[in-house]
Amino acid sequence: MNASIAAKPYSGLKVLDLSQGIAGPYCAEILLQHGADVVKVESMDGDWGRQIGYARDGMSAIAIAYNLGKRSICIDGAKPDGRSLLRRLALDADIVIEGFRPGVMARLGLARSDLVRERPDQIYVSVSAFGPDGPYANRPGTDSTMQAVTGLMVANRDDAGNPRKIGILLVDVASGVYAAQAVGAALYQRAMSGKGQHIQLSLMEVGAALQSNAMVDEFMRQGSPTRPLTVPGGTYATWDGYINVTALHDRMFEGICRVIGKPEWPGDPRYARAEARWENSKTINAVLNEAFGKEPSAHWLRLLSEQGVVCGPISDYRDFLDDPQARHCGIFRTISQQGMPPLPVPRLPGLSAPVSSESAPRAGENTRAILADLGLDSAEIDRLFRQGIVAWPGMPVP
C-alpha cells in the first residue's frame, strides 16, 4: 500500500470494486484517495470503460482517471470456480461496490443477502441506472440517457431551443461522488452500531438531485418565460478572447458600470434594481459587448476584480493548468502512465495531500498478487490461470 495512503482516515479498509465505467469506479477511487485499499475486479475482456473514447492498449481516459492506484484482477464469473473466487474476495471486503442491472449479483451468488450472514458489518453499494425495481429497472442506462430523461438536456438547450447534451459525463461523475458520500455516512453508522448497510443509488435520482434549483424555478414560474439568474451575467468577447462576468447584486453592477464608463446607470430607474435590469437586458448586454471588445481580457479582468466583480477568463484545459492560482493551490499532479505522455490529474477536493501518484492498472495486472493476498498458494494460482478462471494482460482467453 502507498505510504501516503496509510495515514489517511480510510486506511485499513478493503474495497472490492465490481463496477465498470465511471460511477462505481469513481466512488471506489474517492475511497482510495482517503486511504482504502481497492481491488478492481474485471471480466476477462476488461472493464468496458477501457474502450470508451480515445484508447491505447486497453487504457482510456476513463480507465486512468477513475482507477488510479487500484489493483486489478480479471476473473471469469461464468465459471463455478470464478464465482467461488469472487465470493471469497467479497467476504474479505469491508465495502463492495457493484454497478450491474438488478438481479445480476443474485445470479452470481453475490447479492447483499448472500453475504450479510457472514459479513453483517459490510457496506454494500449498488449503483444502477434506474433503481432496483419499477418499470425501468431492467433497462440499460448511461449518462447520456439520464441527461435526456431527467430534463438536463432541456435545461441546457441552445438559443434555438434545441435540447443539448452537456459535454462531460456529469451524471456519472456526480453519481460516484454521491455514492462515496453515502459510504462515509454508512461507515459512521457502522462505527456506532457495528452494522453494515445496503446503499442503493441510481443515475436517475442523481440526475434529479443535480437539478434541484432548476426544477424548483421551473414550477415557481408557472409557465412564465425563463429568465437569467442575474443581469448582467454571461460570457463576453474581448479584444483577444472571452471573459465571464456576473453581477450577483447591486454593488457588483455598480462596479461594472464604473469599469465600462457608465457611472450614471445605477441611478437610472431602468437599471437601478435587478427586476429593471432583467427587463432591459438587451440594452445592457449590447453596451457590455461593445465595451469589452475594445480591450484584451487581462485589462478587463484586472479592472473588474478591483471593483469586486465576479469574473474570470474563458480557459481551455491547458490554460487552466497554467493558471497561477491553480498552480499555487497544487490542484494538479502529473502522473506517469506506461505508454502515455505525462498526464495531469486533479486532486480530490478537500484533501490536503495530492492525488495518488500511482498509475492506473491494466486489466488483470495484479491478479497473481491479489490471489496470494487472499491466501492461495502458487500451485492453486497456476491452476486458475491454466483453466482460464483468471487472466493477466495479453494472455489469450481460452
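Me: Which elements cover the buried residues of α19?

Reply: Happy to start there, keeping in mind that this is a predicted model. The cover over the buried residues of α19 includes α4 (80–91), α18 (367–373) and β14 (390–391).

Me: And which residues of α19 are the buried ones?

Reply: In α19, which spans residues 378–386, they are I381, L384 and F385.

Me: What makes these buried residues line one face of the helix?

Reply: Look down the axis of α19: the buried residues fall within an arc of 100°, so they line one face. The spacing fits a general rule: an α-helix has 3.6 residues a turn, so residues three or four places apart point the same way. On the other side of α19, A379 and R386 are exposed. Just after the helix comes G388, with a positive phi near 75°.

Me: Why is I64 called buried?

Reply: Buried means under 20% relative accessible area. I64 has 7%, so I64 counts as buried. This residue is in helix α3 (residues 61–65).

Me: Which residues does I64 contact, leaving aside its neighbours within four places in sequence?

Reply: They are M59, I335, Q337, M340, L343 and A360. As for S359, its C-alpha atom is 7.3 Å from that of I64, although 295 residues separate the two along the chain.

Me: How do you know that Q147 is buried?

Reply: The same kind of check works here: the value for Q147 is 0%, and the cut-off is under 20%, so Q147 is buried. Q147 belongs to helix α7 (residues 143–149). Not counting residues up to four places away in sequence, Q147 touches L152, M153, K165, I166, I168, L170 and V171.

Me: What makes β8 and β14 the edge strands of the sheet?

Reply: Start with the order of this open sheet of 7 strands: β8-β7-β6-β1-β2-β5-β14, with mixed pairing. Strands β8 (197–202) and β14 each pair on one side only, and that makes them the edges.

Me: How do you know that β1 and β6 pair, and in which sense?

Reply: Pairing needs at least two bridges. Strand β1 (residues 14–17) and strand β6 (residues 95–98) have 3 bridges, so they pair, in the parallel sense. Within this pair, L16 stands opposite V96 in β6.

Me: Which helix lies across β6, β7 and β8?

Reply: That is α9 (residues 170–193), which runs at about 165° to β8. Angles here run from 0 to 180 degrees between N-to-C directions, so at about 165° α9 and β8 point in nearly opposite directions.

Technical notes. Residues are numbered from 1 along each chain as its sequence is written. This is a predicted model: local features need pLDDT of at least 70, side-chain atom pairs count only at pLDDT 80 or more; totals for chains, interfaces and linings use all residues. Side-chain values use heavy atoms; hydrogens and water are left out. Helices (H or I, at least four residues) and strands (E, at least two) are DSSP runs, numbered from the N terminus. Buried means under 20% relative accessible area, exposed over 50%, partly exposed in between (1.4 Å probe, protein chains only). Contact means heavy atoms within 4.5 Å. The arc is that of the directions from the helix axis to the C-beta atoms.
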